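Please look over the sequence and the structure shown here before reading on. The report that follows takes up charged contacts and then the surface.

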Amino acid sequence: QSSHRDNLHTETIFRQRQSSKDAEKIREACGRLFVVANTTRWNSTYDSIVRQRDIDATGKLDKICRVIGLQCFNPSEKMFLKEFCMVCSCYHFLTF
């Protein structure tokens, strides 16, 4: 389950970066793009997952997955996004 969640998170961002058509579909569906994490700052991973959580809160994450041809996040994966953000938020602000 964890690897599917990680792969799905990574795949949405990969598709955005690799395909201008998918990036445009994402922008049209929610008005913004996903945050792309970089390897030098862990905060960028946090920011990336926060953006996905925020998009999910608007009800648009499933729509994005459908329009770019990905399997939607299941409820436990969405709960992980929320819990990850809650746990890591204090570290984010300490290291920002």
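## Terms and model

A residue is called buried when its relative accessible area is under 20%, exposed when that area is over 50%, and partly exposed in between. The structure described here is a predicted model, and its residues are numbered from 1 along each chain as the sequence is written.

## Salt bridges around Lys78

The structure holds 5 salt bridges, and two that share Lys78 can be taken together. In one of them, the side chains of Asp56 and Lys78 meet, with a distance of 3.3 Å from N to O. This pair links distant parts of the chain, since Asp56 lies in helix 3 (residues 42-57) and Lys78 in helix 5 (residues 75-95), with the two residues standing 22 residues apart. Asp56 has a relative accessibility of 14%, and because the limit for a buried residue is under 20%, Asp56 counts as buried. Lys78 is likewise buried, at a relative accessible area of 17%.

Asp62 also forms a salt bridge with Lys78, and here the closest N and O atoms are 2.9 Å apart. Again the pair links distant parts of the chain, with Asp62 placed in helix 4 (residues 61-67) and Lys78 in helix 5, 16 residues apart. Asp62 itself is partly exposed, with a relative accessible area of 22%.

## A salt bridge within helix 1

How far apart are the N and O atoms in the salt bridge between Arg15 and Glu11? The distance is 3.7 Å, and the contact is made by the side chains of these two residues. Arg15 and Glu11 both belong to helix 1 (residues 2-18), and because they are 4 residues apart there, about one helical turn separates them. Glu11 is partly exposed, its relative accessible area being 27%.

## A nonpolar patch on the surface

Turning from charged side chains to nonpolar ones, the surface carries a nonpolar patch of about 600 Å², which is made by Trp42, Met86, Val87, Tyr91 and Leu94. Which helix gives the most residues to this patch? Helix 5 does, with 4 residues, and this is the helix in which Lys78 of the salt bridges described above is also found.

One of the patch residues, Met86, is located in helix 5. Met86 has a relative accessible area of 61%, and because a value over 50% marks a residue as exposed, Met86 is classed as exposed.

Methods. This is a predicted model: local features need pLDDT of at least 70, side-chain atom pairs count only at pLDDT 80 or more; totals for chains, interfaces and linings use all residues. Side-chain values use heavy atoms; hydrogens and water are left out. A salt bridge is a side-chain nitrogen of Lys or Arg within 4 Å of a carboxyl oxygen of Asp or Glu. Buried means under 20% relative accessible area, exposed over 50%, partly exposed in between (1.4 Å probe, protein chains only). Patches are made of residues with over 30% relative accessible area and no salt bridge: like charges are joined within 9 Å, nonpolar side chains (Val, Leu, Ile, Met, Phe, Trp, Tyr) within 5 Å. Accessible areas come from the Shrake-Rupley method with a 1.4 Å probe; for residues, only the protein chains shown count as cover.
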